[in-house]
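Work through the exercises below with the sequence and coordinates open. Try each task before reading its solution.

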Amino acid sequence: MSEPITHASFSVERTYPVPPARVFAAFADPDLKAQWFHGPDGWTATTRTLDFREGGHEVAAGEVPGEWSSRFEATYHVIETDAQIVYSYVMYHSDVRLSVSVATLELEPLDGGAATRLVMTEQGAYFADGEAQAKDRETGTIGLLELVAGVL
Amino acid sequence: MLDHAFQALSDPTRRAVLERLCAGPASVSELAEPFAMTLAAVVQHVQVLEAAGLVRTQKIGRVRTVQIDPAGLRAAEAWLSARRILWEQHLDRLGDLLAEPSPPSPTPASPPTEKE
């Protein structure tokens, strides 16, 4: 039998007091992105590449040495400057595949462009067995949140 | 199990039924009241929820009572909540970065998308 899959979708929204161009830059520029898109305390990057263009790939891999590793692999499909980013990505935790998702980021200017509303929507296939396996590898001591946080 | 739970939760009527049940156990006819639905339709929704491990039912006499199964609900929510919280954390960190007075520029020559 193949592993059971959970399908789900959710959105997260934020309003930032800066123009869309600055928010967009935080996704487009590898140095800026590395400042906010990373794992929890104790996590260090082992591979970090970002080829930010349609068809381009991103890898953000890292580890808490001696404990666990994580790997995020993405492909960018739609990039509209200062407006829209759509990418698909696979998440691994200690080499166990946890999910395959599509992330859509939409930027909307507010206050005549002085502020930005960001809406992130994720639609994914989540592998419940992957989650369980990954938890097993952590000898059952790791919480779900830590597990997912460990991926990034 | 998780798969079933999310499938069960994908329907707005079933989510409404669960919300109602969070206030306490109810009979099938009580559950049917707020909806323009037949008892049979409600029973079907309850069966889906029960198969997913989200609710338990018990028939006493002629009345079937439905109640939340907290363990099932927690399992279903935990996985997605965790993923959502991860995004919340990332976007909060992004907010901190954007709150800095000007784009931090270790490469001052060309901030990538400034166009003005």
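The exercises treat confidence, then chain A, then chain B of this predicted model.

**Exercise 1. Confidence**

Task: State the global scores of the model, and find where in chain B the pLDDT is below 50.

Solution:
- Step 1. Take the global scores. The ipTM is 0.77 and the pTM is 0.63.
- Step 2. Go to chain B. Its mean pLDDT is 76, and 68% of its residues reach 70 or more.
- Step 3. Locate the weak stretch. Residues 107–116 of chain B have a pLDDT below 50. Beyond near neighbours in sequence, this stretch makes 12 contacts in the model.
- Step 4. Decide how to treat it. Predicted coordinates should not be read in detail where pLDDT is low.

**Exercise 2. The sheet of chain A**

Task: Give the order of the strands in the sheet of chain A, and say which strands lie at its edges.

Solution:
- Step 1. Count the elements. Chain A holds four helices and seven strands. From the N terminus, the order is β-α-α-β-β-β-β-β-β-α-α.
- Step 2. Assemble the sheet. Seven strands make an open sheet in the order 1-7-6-5-4-3-2, with antiparallel pairing.
- Step 3. Find the edges. Strand 1 (5–16) and strand 2 of chain A each pair on one side only.
- Step 4. Add the twist. From one strand to the next, it averages 15°.
- Step 5. Check burial and contact range. Chain A has 152 residues, and 53% of them count as buried. Take the contacts in chain A between residues at least 6 apart in sequence: 49% of these join residues at least 24 apart.

**Exercise 3. From the hairpin to Phe72(A)**

Task: Trace the pairing from strand 2 to strand 4 of chain A. Is Phe72(A) buried or exposed?

Solution:
- Step 1. Start with strand 2 (residues 44–50) of chain A. Six bridges join it to strand 3 (residues 57–64) of chain A, in the antiparallel sense. Thr49(A) stands opposite Val59(A).
- Step 2. Inspect the turn. The two strands form a hairpin with six residues between them. Gly55(A), in the turn, has a positive phi of about 90°.
- Step 3. Move to the next pair. Strand 3 and strand 4 of chain A are antiparallel, over eight bridges. Ala60(A) has Phe72(A) as its bridge partner in strand 4.
- Step 4. Test the burial of Phe72(A). The cut-off for buried is under 20% relative accessible area. Phe72(A) has 1%, so it is buried.
- Step 5. Look for a partner distant in sequence. Tyr92(A) is 20 residues from Phe72(A) in sequence, yet their C-alpha atoms are 6.5 Å apart.

**Exercise 4. Helix 1 of chain A**

Task: How many residues of helix 1 of chain A are buried?

Solution:
- Step 1. Set the range. Helix 1 of chain A spans residues 20–28.
- Step 2. Count. Nine of its nine residues are buried, and the helix is mostly covered.
- Step 3. Read some names. Among them are Arg22(A), Phe24(A) and Phe27(A).

**Exercise 5. Helix 2 of chain B and its surroundings**

Task: Why do the buried residues of helix 2 of chain B line one face? Which residues does helix 2 meet in helix 4 of chain B?

Solution:
- Step 1. List the buried set: Thr13(B), Arg14(B), Val17(B), Leu18(B) and Leu21(B).
- Step 2. View down the axis. These residues fall within an arc of 140°, so they line one face of helix 2.
- Step 3. Turn to the other side. Pro12(B), Glu19(B) and Cys22(B) are exposed there.
- Step 4. Pack the helices. Helix 2 and helix 4 of chain B meet at about 75°, with axes 10 Å apart. They are therefore roughly perpendicular.
- Step 5. Name the interface. Thr13(B), Arg14(B), Val17(B) and Leu18(B) meet His45(B), Val48(B) and Leu49(B).
- Step 6. Zoom in on Thr13(B). Its relative accessible area is 18%, so it is buried. Beyond four places in sequence, Thr13(B) contacts Phe35(B), Met37(B) and His45(B).
- Step 7. Place the sheet. Chain B has an open antiparallel sheet of three strands, in the order 1-3-2. Helix 2 (residues 12–22) lies across strands 1, 2 and 3, at about 85° to strand 3. Helix 4 (residues 39–51) lies across strands 2 and 3, at about 125° to strand 2.

How values were computed: Residues numbered from 1 in each chain as written. Chains lettered and ligands numbered in written order. Predicted model: local features only at pLDDT ≥ 70, side-chain atom pairs only at ≥ 80, totals over all residues. Heavy atoms only, no water. Pairing = 2+ DSSP bridges. Contact = heavy atoms within 4.5 Å. Axes fitted to C-alpha atoms, helices over the stretch in contact; angles between N-to-C directions. Buried < 20%, exposed > 50% of the residue type's maximum accessible area, 1.4 Å probe, protein only. Arc of directions from axis to C-beta. pLDDT = per-residue confidence, 0-100. Parallel < 35°, antiparallel > 145°, perpendicular 65-115°, else oblique.
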